[in-house]
Amino acid sequence: KMNFGQVQNQSRLYVIGALEPEEVEEFEKARKKFGKKAEDFISKCYDLHEAFALSLRPAKSSSAIKDRLMAMVKAKKQS
């Protein structure tokens with residue numbers, strides 16, 4: 001049986017799909033047991049996961065833009 005601290009730890013892994021099938025089963029039982037308290041925490045984990053994923057996107061695209069720009073500058077220098 002999981003205590004709420006374990007539910008919190010598992011929630012972080014649950015939202016990124018990193019739990020084993022048997023862990024998911026145990027987690028789902030504990031999730032029901034802790035009800036709204038667990039659902040609120042899981043929702044926060046989803047929000048953080050989404051925010052983190054979104055925060056990575058601009059960094060990737062801006063570095064790709066920078067690389068392209070540098071390639072254009074080098075090409076101009078060479079011609």
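**Exercise 1. Decide whether Glu28 counts as buried, partly exposed or exposed, and then describe the salt bridge that its side chain makes.**

Solution. Begin with Glu28, whose relative accessibility in this predicted model is 26%. Because buried means under 20% and exposed means over 50%, with partly exposed in between, Glu28 counts as partly exposed.

Next, look for the partner of Glu28: its side chain meets that of Arg31 in a salt bridge, with 3.8 Å from N to O. This falls under the general idea that side chains of opposite charge can pair when their charged atoms come close.

Then consider where the two residues sit along the chain. Arg31 and Glu28 are three residues apart in helix 2, which covers residues 21-78, and so about one helical turn separates them. Finally, apply the accessibility test to the partner: Arg31 has a relative accessible area of 17% and is therefore buried, whereas Glu28 is partly exposed.

**Exercise 2. Find which residues are linked with Arg31 in a network of salt bridges.**

Solution. The first step is to recall that Arg31 and Glu28 already form a salt bridge. The second step is to look for another acidic partner of Arg31, and this is Glu39, for which the closest N and O atoms are 2.7 Å apart. Since Arg31 takes part in both bridges, Glu28, Arg31 and Glu39 are linked in a network. As a last step, check the accessibility of Glu39, which at a relative accessible area of 31% is partly exposed.

**Exercise 3. State how many salt bridges a search of the whole structure finds, and describe the one between Lys36 and Asp40.**

Solution. The search of the whole structure finds three salt bridges. Two of them, Arg31 with Glu28 and Arg31 with Glu39, were treated above, and another joins the side chains of Lys36 and Asp40 at 2.9 Å from N to O.

To place this pair, note that Lys36 and Asp40 both belong to helix 2 and stand four residues apart, about one turn of the helix. To compare their surroundings, note that Lys36 has a relative accessible area of 61% and is exposed, while Asp40, with 36%, is partly exposed.

**Exercise 4. Work out which residues touch the most other members of the largest nonpolar core, and which helix gives the largest share of this core.**

Solution. The largest nonpolar core has 13 residues, and those touching the most other members are Phe4, Val7 and Phe27. Helix 1, residues 4-15, and helix 2 are the elements that give two or more residues to this core. The largest share, seven residues, comes from helix 2.

Now follow Phe27 outwards. When its neighbours within four places in sequence are left aside, Phe27 is in contact with Met2, Val7, Gln10, Ser11, Tyr14, Leu19 and Ile42. Another of the three, Phe4, also has a charged residue beside its ring, for Lys37 lies over the face of Phe4 at 4.3 Å from the ring centre.

**Exercise 5. Determine whether Ser11 is buried or exposed, and list what Ser11 touches.**

Solution. Ser11 is placed in helix 1, and its relative accessible area is 0%, so it is buried. The side chain of Ser11 reaches the backbone oxygen of Val7 at 2.7 Å. Not counting residues up to four places away in sequence, Ser11 touches Phe27, Phe41, Ile42 and Cys45.

A useful companion is Gln10, also found in helix 1, which at 17% relative accessibility counts as buried. With neighbours within four places left aside, the contacts of Gln10 are Met2, Leu19, Glu23 and Phe27.

**Exercise 6. Describe the surroundings of Ala38, and find how far apart Ala38 and Tyr14 are in sequence and in space.**

Solution. Start with the position of Ala38, which is in helix 2, and with its relative accessible area of 0%, which means that Ala38 is buried. Then take its contacts: leaving out residues up to four places away in sequence, Ala38 touches Phe4, Val7 and Arg31. Phe4 and Val7 were met in the nonpolar core, and Arg31 was met in the network of salt bridges.

Lastly, take the separation from Tyr14: Ala38 and Tyr14 are 24 residues apart in sequence, and their C-alpha atoms are 12 Å apart in space.

Notes: Residues are numbered from 1 along each chain as its sequence is written. This is a predicted model: local features need pLDDT of at least 70, side-chain atom pairs count only at pLDDT 80 or more; totals for chains, interfaces and linings use all residues. Side-chain values use heavy atoms; hydrogens and water are left out. A charge sits over a ring if NZ of Lys or CZ of Arg is within 6 Å of the ring centre and within 35 degrees of the ring normal. A salt bridge is a side-chain nitrogen of Lys or Arg within 4 Å of a carboxyl oxygen of Asp or Glu. Buried means under 20% relative accessible area, exposed over 50%, partly exposed in between (1.4 Å probe, protein chains only). A nonpolar core is a set of buried Ala, Val, Leu, Ile, Met, Phe, Trp, Tyr and Cys residues joined through side-chain atoms within 4.5 Å. Contact means heavy atoms within 4.5 Å. A polar contact is a pair of N or O atoms within 3.5 Å; within protein, one must be able to donate a hydrogen and the other to accept it, and residues adjacent in sequence count only if both atoms are side-chain atoms.
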